[in-house]
Amino acid sequence: MSLSSAASTTQSGLSTITAEIAALTRNISGATDTTVYSRKIANVATTSSGAQVVSLTRASNQAVFDNVLSATAATAAQQAISAGLDALNQTIGDVSGSTSGSASTATSPAALISSFDNALQTYSASPSDSTAAAAAVAAAKSLVSGMNSASVTVQQARETADSGMASSVAAINSLLTQFQTANQQVVSGLASGADVTDAQDQRDTILQQLSQQIGISTTAGSNGEMSIYGDSGVTLFQGGVARTLTFEATHTYTASTAGNAVYVDGAAITGGSATMPIASGNLAGLATLRDTIAPTYQTQLDNMAGALINSFAESDQAGAGPSLPGLFTTLGATALPGANGGLASQISVNASVDPSQGGNANLLRDGGISDTANTNYTYNTSGASSFTGRLSQLTSNLSATQTFSSAGGIATSASLSNYAAASVSWLEAERSSVSSSSSYQSTLLSTASTALSNATGVNINDEMSKMLDLEQSFSASAKLLTSINDMFNALAAAIIG
C-alpha cells in the first residue's frame with residue numbers, strides 16, 4: 001500500500017470514528033430526554049477508500065411499540081371511568097345509616113331508606129305521638145334530599161365527562177396536526193437522504209400522547225409515510241393529511257339530556273348511534289361514563305323514587321277516584337307521575353304533611369294528604385289518635401316486592417330496601433371491576449414500556465464503554481496518521497537532499 005493510500009484510509013477511519021462518537025454523544029444526551037428517544041446507530045461500511053458511516057438509523061421494535069400504544073389507551077380509558085365512578089361514589093358515602101330513627105348520619109339512598117323505615121315503624125308503634133310523626137316526616141325529607149342530591153351528582157359527573165370529551169377532542173386534533181408536520185419531515189428527509197431519526201422519535205412521542213386520548217393502530221409505507229387508524233378502524237391520518245374530529249359540547253345536563261357524539265368524517269365514534277364506536281383511550285372512557293354508566297345509575301335512582309311515590313300513594317276509599325300522591329310527590333303534581341327520567345331529582349315531600357311548610361304530620365297517619373278537602377282519601381275516618389291501619393299499610397308497602405325497570409341493570413323484582421342495597425352493590429362492583437382492570441392495564445403498560453426501553457433505549461454504561469473503545473481507536477488512528485506524516489516528511493527530505 002502506498003503512503004498516500006495509507007493516509008487516505010487512516011483519515012477515513014478518523015472521520016468514521018468521529019461520526020460514531022457524535023452518535024454516542026447524542027445517545028448519552030438523549031438518555032435523559034423525557035420524550036421518546038431511541039438509540040441512534042451509526043452504520044459503518046467498508047469501501048475501497050476505507051471505512052465510513054453510510055447511514056444513521058435508530059433502534060426500533062414496532063411490535064413492542066404497538067403494545068405500548070395499546071396498553072396506554074386501555075389504561076387511559078379505565079382511569080377516566082374510575083375517576084367518574086369515584087364522583088358517583090359520593091352519593092353512597094355512609095351506607096350503614098342510623099338505627100335510631102334519625103337520618104342525619106345517613107348519606108346513601110339505601111341508608112336513608114333504612115332510616116326512614118325505622119322512623120315510620122316508630123311512628124306506627126306510637127300513632128298518637130306527634131314527635132314521632134314529625135320525625136317520620138323529617139326522615140322522609142332527608143330521604144328525598146339525598147335522592148335529589150344524588151341525581152345532581154350524577155348529572156354533574158356527566159357534565160364533567162362531556163367537558164373532558166371536548167378537551168380530549170381538542171387534544172386529538174392538535175396532536176394530529178403536529179403529527180402531520182413531523183410525518184412530512186420524515187418523508188421529505190428520507191427522500192433527500194437526510195437524518196430523520198429525531199423526526200421519527202417525534203412521531204413516536206406524538207403517537208404515545210395520541211394513544212392516551214384514543215386507541216390507535218398505525219401502518220407505514222415504503223417512503224416512510226405513516227397512516228393512523230382508531231381502534232374501531234376509523235381513519236385519523238392518511239395520505240399525509242390529518243382528519244378532524246368534531247364535537248359539540250353540552251354544558252348543562254339533566255337526566256333526559258343525551259350528549260352529542262364525536263364525529264370523524266361524518267361517522268360517529270361515540271354514543272349509542274355510533275357507526276364506528278371507539279373502545280379505548282380517555283375519550284372512550286369518558287363517553288362510556290357519560291352515556292352508559294351514569295345514566296344506568298340515574299335509572300336506579302329514578303326507580304327508587306317511583307317506588308316511593310307509588311308505595312305511599314293514596315287511593316279513593318269510595319273506589320271512584322284515581323290514586324293520588326301521598327307523602328311523596330313531585331312539585332305541582334295533581335296525579336301520580338309516570339315513569340320518567342330524572343324522577344329522583346324531582347321527588348319531594350308533600351307540603352301538606354310537612355310542618356315546616358305549615359302542614360300536618362299526622363296526615364301521614366290519617367290520609368288525605370293530596371286532597372285534604374276530599375274525605376274519600378281519608379283513611380282514619382274516626383279521627384282516632386291511636387289509628388294504626390294506614391301506618392301499618394305503609395310499612396307493609398315499603399317492604400313489599402315491587403317491579404323495577406330493567407334499564408337499571410340490576411334486579412327487576414325486589415323490595416325497595418333490597419333494590420337500594422343492590423344499587424349500592426352495583427356501584428361498588430363497577431368501581432372494583434374498573435380498579436382491577438386499571439391495575440392490570442397499568443401493569444401491562446409498565447411491562448411493555450420496560451420492554452421498549454430495553455429494545456430501543458439508551459444504556460449509559462454500554463454507551464460509555466463504546467465511547468472508550470472509540471477514543472482508543474481514534475488515538476491509535478491519530479498516531480498512525482502522525483507516523484505516515486513523518487514518513488512523508490522523511491521521504492520529502494530524502495528527495496530534496
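Helix α2 (residues 62-88) packs against helix α10 (residues 416-456) at an angle of about 155°, with 8 Å between the two axes. The model is predicted, with a mean pLDDT of 87 for the chain. Besides this helix pair, the points below cover an open sheet of 4 strands in the order β3-β4-β5-β6 and helix α4, which lies across β4, β5 and β6.

**Packing of α2 and α10**
- Angles over 145 degrees count as roughly antiparallel, and α2 and α10 are therefore roughly antiparallel to each other.
- The two helices, α2 and α10, make a left-handed crossing.
- Where α2 meets α10, the contact residues comprise 15 nonpolar, 11 polar and 3 charged.

**The sheet**
- Pairing in the sheet β3-β4-β5-β6 is antiparallel.
- Its edge strands are β3 (216-220) and β6, each of which pairs on one side only.
- Strands of a sheet pair through backbone hydrogen bonds, in either a parallel or an antiparallel manner.

**Strands β4 and β5**
- Strand β4 (residues 226-230) and strand β5 (residues 235-238) run antiparallel and are joined by 2 bridges.
- One bridge pairs Ile228 with Phe237 in β5.
- Tyr229 has Thr235 in β5 as its bridge partner.
- The hairpin formed by β4 and β5 has 4 residues between the strands, and Gly233 in this hairpin adopts a positive phi near 100°.

**Strands β5 and β6**
- Strand β6 (residues 241-242) runs antiparallel to β5, and 2 bridges join the two strands.
- Val241 in β6 is the residue opposite Gln238.
- A hairpin is also formed by β5 and β6, with 2 residues between them.
- In the turn of the β5-β6 hairpin, Gly239 has a positive phi of about 65°.

**Helix α4 over the sheet**
- Helix α4 spans residues 130-192 and lies across three strands of the sheet, β4, β5 and β6.
- The direction of α4 is at about 25° to β5.

**Confidence**
- In this chain, 90% of the residues reach a pLDDT of 70 or more.
- Over residues 95-105, pLDDT stays under 50.
- For residues 95-105 the model has 21 contacts beyond four places in sequence.

Key: Residues numbered from 1 in each chain as written. Predicted model: local features only at pLDDT ≥ 70, side-chain atom pairs only at ≥ 80, totals over all residues. Heavy atoms only, no water. Axes fitted to C-alpha atoms, helices over the stretch in contact; angles between N-to-C directions. Parallel < 35°, antiparallel > 145°, perpendicular 65-115°, else oblique. Left-handed = near helix turned anticlockwise from the far one by under 90°. Nonpolar A, V, L, I, M, F, W, Y, C, P; charged D, E, K, R; others polar. pLDDT = per-residue confidence, 0-100. Contact = heavy atoms within 4.5 Å. Pairing = 2+ DSSP bridges.
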